[in-house]
Amino acid sequence: MVEYCVYWLENGEPMHEVFSSLAAAEMYSCAIRGKENIEWVEVSEEETIDLDELEDMFPDDFCCV
């Protein structure tokens, strides 16, 4: 699964927000760029871990409680 993250520096502090669609991430990054005290903005595509796939790969590491 893919997520889209927007990273930015606001007043020197690192911030981030996660989106499920690239369009939403791009729109948010445009809005962030319009704010004061924004030093840097980046949109990144990131692969997420599917826990069901992980359980199939390593069944002994998951236990039912």
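**A three-stranded sheet with a helix across it**

In this predicted model, strands β1 and β2 make up a hairpin, with two residues sitting between them. Asn11 lies in that turn and has a positive phi of about 55°. The two arms of the hairpin, β1 and β2, run antiparallel and are joined by seven bridges. One spot to look at along this pairing is Trp8, which stands opposite Met15 in β2.

On to the rest of the sheet. Strand β1 (residues 2–10) also runs antiparallel to β3, and here nine bridges do the joining. Two pairs help to place the strands against each other: Tyr7 has Glu42 as its bridge partner in β3, while Glu3 has Glu46. Put together, the three strands form an open sheet in the order β2-β1-β3, with antiparallel pairing. Strands β2 (13–19) and β3 stand at the edges with a single partner strand each, so one side of each has no neighbour in the sheet. Neighbouring strands of this sheet are turned against each other by 20° on average, if direction is ignored. As a general point, strands of a sheet pair through backbone hydrogen bonds, either parallel or antiparallel.

Next comes the helix. Helix α1 (residues 22–33) lies across β1, β2 and β3, and its direction makes an angle of about 170° with β3. Ser29 is a handy residue for seeing how helix and sheet meet, as its place is in α1. Is Ser29 buried or exposed? With a relative accessible area of 0%, Ser29 is buried, since anything under 20% counts as such. Leaving out residues up to four places away in sequence, Ser29 touches Val6, Val41 and Val43. The side chain of Ser29 also makes a polar contact, at 3.0 Å, with the side chain of Arg33.

Strand β3 (residues 38–47) is where Trp40 is found. Trp40 has a relative accessible area of 40% and is therefore partly exposed, falling between the 20% and 50% cut-offs. Which residues does Trp40 touch, not counting those up to four places away in sequence? They are Tyr7, Trp8 and Leu9. Ser21 is another story: Trp40 and Ser21 are 19 residues apart in sequence, and their C-alpha atoms are 21 Å apart in space.

That leaves the cysteines. How many disulfides does the model have? The count comes to zero. Why is Cys5 not bonded to Cys30? The sulfur of Cys5 has its closest cysteine sulfur in Cys30, 17 Å away, which is too far for a bond because a disulfide needs the two sulfur atoms within 2.5 Å. Seen from the other end, the closest cysteine sulfur to that of Cys30 is the one in Cys5, again at 17 Å and too far for a bond. The surroundings of the two cysteines can be set side by side as well. Cys5 is buried, with a relative accessible area of 4%, whereas Cys30 counts as exposed, at 52% relative accessibility.

Notes: Residues numbered from 1 in each chain as written. Predicted model: local features only at pLDDT ≥ 70, side-chain atom pairs only at ≥ 80, totals over all residues. Heavy atoms only, no water. Helix = DSSP H or I, 4+ residues; strand = E, 2+ residues; numbered from the N terminus. Buried < 20%, exposed > 50% of the residue type's maximum accessible area, 1.4 Å probe, protein only. Contact = heavy atoms within 4.5 Å. Pairing = 2+ DSSP bridges. Axes fitted to C-alpha atoms, helices over the stretch in contact; angles between N-to-C directions. Polar contact = N/O pair within 3.5 Å; in protein donor to acceptor, adjacent residues only side chain to side chain.
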